[in-house]
Amino acid sequence: MSKINTLIEKLPKAELHLHIEGSLEPELMFKLAKRNQLKLPYANIEEIKQAYNFTKLQDFLDIYYAGMSVLIEEQDFYDLTMAYLEKCQQQNVRHVEIFFDPQGHTERGVSFSTALSGINRALKDGLSQWGISYKTIMCFLRHLSEEDAFDTLNQAKAHLDLIDGVGLDSSEVGNPPAKFKNVFAEAKKMGLKLVAHAGEEGPPAYVEEALSILNIDRLDHGNRAMESAKLIERLRKEQIALTVCPLSNLKLCVVDDLTKHPIPSMLKQGLLVTVNSDDPSYFGGYLNDNYFAIQQALNLTSKDIITLIKNSFVGSFLSDDEKQKHLQSIDTFLNEQE
Ligand code: ADE
Ligand code: ZN
């Protein structure tokens, strides 16, 4: 293990862009299919892995929605979330802000509260067993209507103690942020944090809409914002955090080579960029694997890595006091190394 990879492993980190349904490993998919007496369109784990070959976001989404159909009971959501938290514990991820897609479940007849309750029970256990803190963000599926999103927000009203924010995900091109203007305004009135996927495949204009029309607090992906000097300046000035996902970008052909990833340019231009795994089971790696891959491809320095890791706490929805505690623990660790 190189010195810089050891640093990546040892530093406490936060993950801010993680779809819990995208952490469903093929082994657990099979186990849950069996438990729920469902038949998967794959004969074995090898076949599942072979299907994970994508040329664009939609290729992945089709397989992702099919995969989550094995999640039926509260215990399934618990097992899924616990498996992710075990990875976090192994990789020294100390704080997570996870997404879930309620509509991916309610449209199959699995209730909002079944999904949320299983996820939340695991998050509470992860906090008590390992001290991993958390926030929960429910995403609206942007290929569905704003009316559907309102329905989902209404279902969330009975559970606001367990939900910290709303997000926007699924098929980006053709579903601009402005489509969800009213439901985001309503979520804001309810005191929820706002985030949205934008500029993953969609044009810079979608990032502009997410900022100016949805009033997001944080930008998920944002790669294509780098095509606009005006957007770069705004993101820098307002220090809006970007939750960038390198291995996801590679697998979904958002970049054709990690050596061309925009992270160095984002860092150089003073953006609050963070590294995340998005859907680790589908994209070939959890959080540390993302750091290892970009460090190697882009020859990032320890200073870059420390900045990215500190940004993961700065860009989180933790309180200022909590952020300071994490940043302090990073500095303490680094001072002990000298
Ligand atoms: N849902 C899960 N992962 C996603 C991604 N990377 N982009 C859009 N929607 C998603
Ligand atoms: Zn995502």
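I began with Gln-91, which the predicted model places in the loop between α5 (74-90) and β2 (93-100). I looked up its accessibility: Gln-91 has a relative accessible area of 12%, and because the cut-off for buried is under 20%, I recorded Gln-91 as buried. I then listed its contacts, leaving out residues up to four places away in sequence; Gln-91 touches Glu-9, Lys-13, Tyr-286, Leu-287, Asn-288 and Asp-289.

I turned next to the zinc ion (ligand 2). I found His-17, His-19 and His-197, each through NE2, and Asp-278 through OD, coordinating the zinc ion at 2.0 to 2.2 Å. I noted the sequence spacing of these donor residues as H-x1-H-x177-H-x80-D. The pair His-197 and Asp-278 links distant parts of the chain, 81 residues apart: His-197 belongs to strand β5 (residues 193-198), whereas Asp-278 sits in the loop between β8 (272-275) and α14 (280-283). I entered both His-197 and Asp-278 as buried.

Why is the arrangement around the zinc ion (ligand 2) irregular? The four donor atoms subtend angles of 84 to 175°, so I classed the arrangement as irregular.

I then examined ligand 1. Its surrounding residues include His-19, His-197 and Asp-278, along with Leu-57, Phe-60, Leu-61 and Tyr-64. For polar contacts, I recorded a backbone N or O atom of Ser-170 at 2.8 Å from a nitrogen atom of ligand 1. An N or O atom in the side chain of Asp-278 is 2.7 Å from a nitrogen atom of ligand 1, and a polar side-chain atom of Asp-279 lies 2.7 Å from a nitrogen atom of ligand 1. Last, I checked its cover: ligand 1 taken alone exposes 260 Å², and the protein buries 100% of that.

Notes:
Residues are numbered from 1 along each chain as its sequence is written. Chains are lettered from A and ligands numbered from 1 in the order in which they are written. This is a predicted model: local features need pLDDT of at least 70, side-chain atom pairs count only at pLDDT 80 or more; totals for chains, interfaces and linings use all residues. Side-chain values use heavy atoms; hydrogens and water are left out. Helices (H or I, at least four residues) and strands (E, at least two) are DSSP runs, numbered from the N terminus. Buried means under 20% relative accessible area, exposed over 50%, partly exposed in between (1.4 Å probe, protein chains only). Contact means heavy atoms within 4.5 Å. Donors are N, O and S atoms within 2.8 Å of the metal (3.2 Å for Na, K and Ca); water is not among the atoms, so sites may look incomplete. Four donors count as tetrahedral if all angles lie between 85 and 135 degrees; four count as square planar and six as octahedral if opposite donors are over 155 degrees apart and all others between 65 and 115; anything else is irregular. A residue is near a molecule or strand if one of its heavy atoms lies within 4 Å of it. A polar contact is a pair of N or O atoms within 3.5 Å; within protein, one must be able to donate a hydrogen and the other to accept it, and residues adjacent in sequence count only if both atoms are side-chain atoms. Accessible areas come from the Shrake-Rupley method with a 1.4 Å probe; for residues, only the protein chains shown count as cover.
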